[in-house]
Amino acid sequence: EGDILSKLPLKNKKVLITAGPTYETIDPVRFIGNHSSGKMGFELAEVAASLGAEVFLVTGPTHLEISHSLIKIFRVISAEEMYNEVHQHYKNSDIAILSAAVADYRPKNVAKNKIKKEKASLTIELEPTKDILASLGQIKEHQYLVGFALETNNEENNAKQKLANKNLDAIVLNSLNDEGAGFGKSTNKITFIDKDLNIKAFKLKSKAEVAHDIFNEIIHKINA
Ligand code: CTP
Ligand code: CA
């Protein structure tokens, strides 16, 4: 069979990737965010480009940088901005992988001025953000659409539910249970589940190797 990754299997393909956290503004100096580093998404972008793809990387706030002639990077802050940027590129993409840790909620009202510590307690009302991945599932045409699932319990079942509910072609289950896997780390432990519920579990590996594994799976599915 040979190593399909030694050729340029993604030549002439457009790959859309989301990465990093989103920040949701509370007031002029504060936000709601999360610990996502963006590493997994940036590694996916590198691997896709190395396989010949034209890459559109939409990332939330991160210090990571990337420089490759095949990678265009779009930096956004909030879930709303990420939603809008992603929809600019989705129709023309062949593969979309959404690895961003998008905030599920944002403050319902953004305070114009810095909130003062004058009260004994503070309640900030939150409203849901748009689910970017689900919105892509709803308008899916030719795209091979891949989501991530970050779970701490009942992992495989929760991932399968997301796969079905969001109309995905595959989902990458990210284990937070494992030491060494996940946020801020350079290693990850994943399980790849396709829409026919074929399940493939991988060992703990560097995020660069994980990115290779993910594209190896996707390319096999697309060419199957
Ligand atoms: N996602 C997204 N837009 C959101 C929330 C999530 O695109 N507003 C995407 C993530 O990038 C990921 C997938 O949906 O690919 C699953 O994210 P996850 O947080 O694991 O699941 P949720 O559907 O948000 O459900 P919950 O957080 O309740 O488990
Ligand atoms: Ca979520």
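**Figure 1. Contacts of D104 in the predicted model**. Apart from its neighbours within four places in sequence, D104 is in contact with P128 and T129. The residue sits in the loop that joins β6 (95-98) to β7 (105-107). D104 counts as partly exposed because 14 other C-beta atoms lie within 10 Å, a number between the limit of 12 or fewer for exposed and that of 20 or more for buried.

**Figure 2. Surroundings of F148 in strand β9**. F148 has 22 C-beta neighbours inside 10 Å and is therefore buried. Its contacts, leaving aside neighbours within four places in sequence, are L98, S99, V172 and N174.

**Figure 3. The shell around ligand 1**. The ligand is surrounded by 16 residues, of which L98, V102, I132, L133 and G147 come nearest. Both α3 (132-138) and β9 (144-151) supply at least two residues of this shell. The largest share, four residues, comes from β9. By type, the shell consists of nine nonpolar, three polar and four charged residues.

**Figure 4. Positions annotated as "binding site" in UniProt**. An unreviewed UniProt entry places this feature at D104, K114, F148, K162 and K166. These positions spread over 63 residues of sequence and are also spread in space, with up to 37.5 Å between C-alpha atoms. Two of the annotated residues, D104 and F148, are the subjects of the first two views.

**Figure 5. Confidence of the predicted model**. The chain has an average pLDDT of 94, and 95% of the residues score at least 70. The scores for the model are ipTM 0.99 and pTM 0.95. Where pLDDT is low, coordinates should not be read in detail.

How values were computed
Residues are numbered from 1 along each chain as its sequence is written. Chains are lettered from A and ligands numbered from 1 in the order in which they are written. This is a predicted model: local features need pLDDT of at least 70, side-chain atom pairs count only at pLDDT 80 or more; totals for chains, interfaces and linings use all residues. A residue is near a molecule or strand if its C-beta atom, placed from the backbone, lies within 6 Å of it. Ala, Val, Leu, Ile, Met, Phe, Trp, Tyr, Cys and Pro count as nonpolar, Asp, Glu, Lys and Arg as charged, and the others, Gly among them, as polar. pLDDT is the predictor's confidence in each residue, from 0 to 100. UniProt positions are given in the numbering used here, feature names are shortened, and annotations may be inferred rather than shown by experiment. Two residues are in contact if their C-beta atoms, placed from the backbone, lie within 7 Å.
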